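Reader: I am new to protein structures and would like to learn how to read one. Could we go through this one together, a question at a time?

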Amino acid sequence: MRFTPRVHVRVPIASRLAVLAMIAVVASFAIAIPACSKKGGGNPYSPNSMTPSPPPPGPTESFDSGVLSSGSFSHTFANAGDFGYHCVIHGSATGGMRGSVHVAIGQPASATVNVVNFSFSPSPANVAPGGTVTWNWVSGTHSVTTP
Ligand SMILES: [Cu+2]
């Protein structure tokens, strides 16, 4: 028969209660961690749900060449962003004859877009903030119009 030594240590009741209190605190932190989170700055979630909030509205540009069959139209873009436009005869904000302008730092100060064959070429046109886009009517009767 083997002899297994046992060591009995008496732990005061106050120490036992302190350990139980620490366990309770750690458990409550674990419960408080939300089920979803996102790294990075800002709070992308609505206060009372885990549904992402819609992005804040960006800068807008408003321009309208009117319906033209020849000549040109220019617009200067103050802010960076992506701006769509369309022809009021052959397109809309969501379909048909549409184009876009990409305004970003590092792009050229000006761009030229041909209005030809029921399309805008190139699209997107790229310019820097403060840059000007000029549309040249090559064929057909069209407009350059923001929604
Ligand atoms: Cu058109």
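Author: Happily! One term before we begin: two residues are in contact if their C-beta atoms, placed from the backbone, lie within 7 Å. Please also keep in mind that this is a predicted model.

Reader: Which residues does alanine 125 touch, not counting residues up to four places away in sequence?

Author: Leave out the close sequence neighbours of alanine 125, up to four places away. With those set aside, the residues that alanine 125 touches are Val101, Ala111, Val113 and Val133.

Reader: Which element gives the largest share of the largest nonpolar core?

Author: The largest nonpolar core has 14 residues, and Ala125 is among those with the most contacts inside it, as are Phe77 and Val127. Two or more residues come from each of β2 (81-91), β3 (96-103), β4 (110-116), β6 (125-127) and β7 (132-137). The largest share, three residues, comes from β4.

Reader: What pattern does the chain follow along the sequence?

Author: Start with the inventory: the secondary structure comes to one helix and seven strands. Put in sequence order, these give the pattern α-β-β-β-β-β-β-β.

Reader: Which strands stand at the edges of the open sheet?

Author: Three strands form this open sheet, in the order β2-β3-β6 and with mixed pairing. An edge strand has a single partner, so one side of it is left without a neighbour in the sheet. The twist from one strand to the next averages 20°. The strands at the edges are β2 and β6.

Reader: Which residue in β6 stands opposite valine 103?

Author: Here we look at the pair β3 and β6, which run parallel and are joined by three bridges. Opposite valine 103, in β6, stands valine 127.

Reader: Which residue in β7 is the bridge partner of phenylalanine 73?

Author: Strand β1 (residues 72-76) pairs with β7 over five bridges, in the antiparallel sense. Strand β4 is also joined to β7, by six bridges, and these two run parallel. In β7, valine 113 has tryptophan 135 as its bridge partner. For phenylalanine 73, too, the bridge partner is tryptophan 135.

Reader: Is histidine 90 buried, exposed or partly exposed?

Author: Histidine 90 has its place in strand β2. A residue is buried with 20 or more other C-beta atoms within 10 Å, and exposed with 12 or fewer. Histidine 90 has 16 such neighbours, and therefore counts as partly exposed.

Reader: How many Å apart in space are histidine 90 and serine 143?

Author: Leaving aside neighbours within four places in sequence, histidine 90 is in contact with Gly96, Met97, Phe118 and His142. Histidine 90 and serine 143 are 53 residues apart in sequence. From C-alpha to C-alpha, their separation in space is 8.9 Å.

Reader: Where does proline 124 lie?

Author: Most residues other than glycine have a negative phi, and most peptide bonds are trans. The peptide bond from serine 123 to proline 124 is cis, with omega near 5°. A cis peptide bond also joins serine 121 and proline 122, with omega about 0°, and proline 122 lies in the loop between β5 (119-121) and β6. Proline 124 lies in the loop between β5 and β6.

Reader: What is phi of phenylalanine 118 near?

Author: Phenylalanine 118 lies in the loop between β4 and β5, and with 14 C-beta neighbours inside 10 Å it counts as partly exposed. Asparagine 117 is found in the loop between β4 and β5, and is exposed with 11 other C-beta atoms within 10 Å. Phi of asparagine 117 is positive, near 55°. For phenylalanine 118, phi is also positive, near 60°.

Reader: What is the mean pLDDT of the chain?

Author: Where pLDDT is low, the predicted coordinates should not be read in detail. One stretch to treat with care is residues 33-38, where pLDDT stays under 50 and the model has three contacts beyond four places in sequence. Another is residues 40-46, with pLDDT below 50 and eight contacts beyond near neighbours in sequence. Over the chain, 65% of residues reach 70 or more, and the mean pLDDT is 81.

Definitions and conventions
Residues numbered from 1 in each chain as written. Predicted model: local features only at pLDDT ≥ 70, side-chain atom pairs only at ≥ 80, totals over all residues. Core = buried A, V, L, I, M, F, W, Y, C linked by C-beta atoms within 7 Å. Helix = DSSP H or I, 4+ residues; strand = E, 2+ residues; numbered from the N terminus. Pairing = 2+ DSSP bridges. Axes fitted to C-alpha atoms, helices over the stretch in contact; angles between N-to-C directions. pLDDT = per-residue confidence, 0-100.
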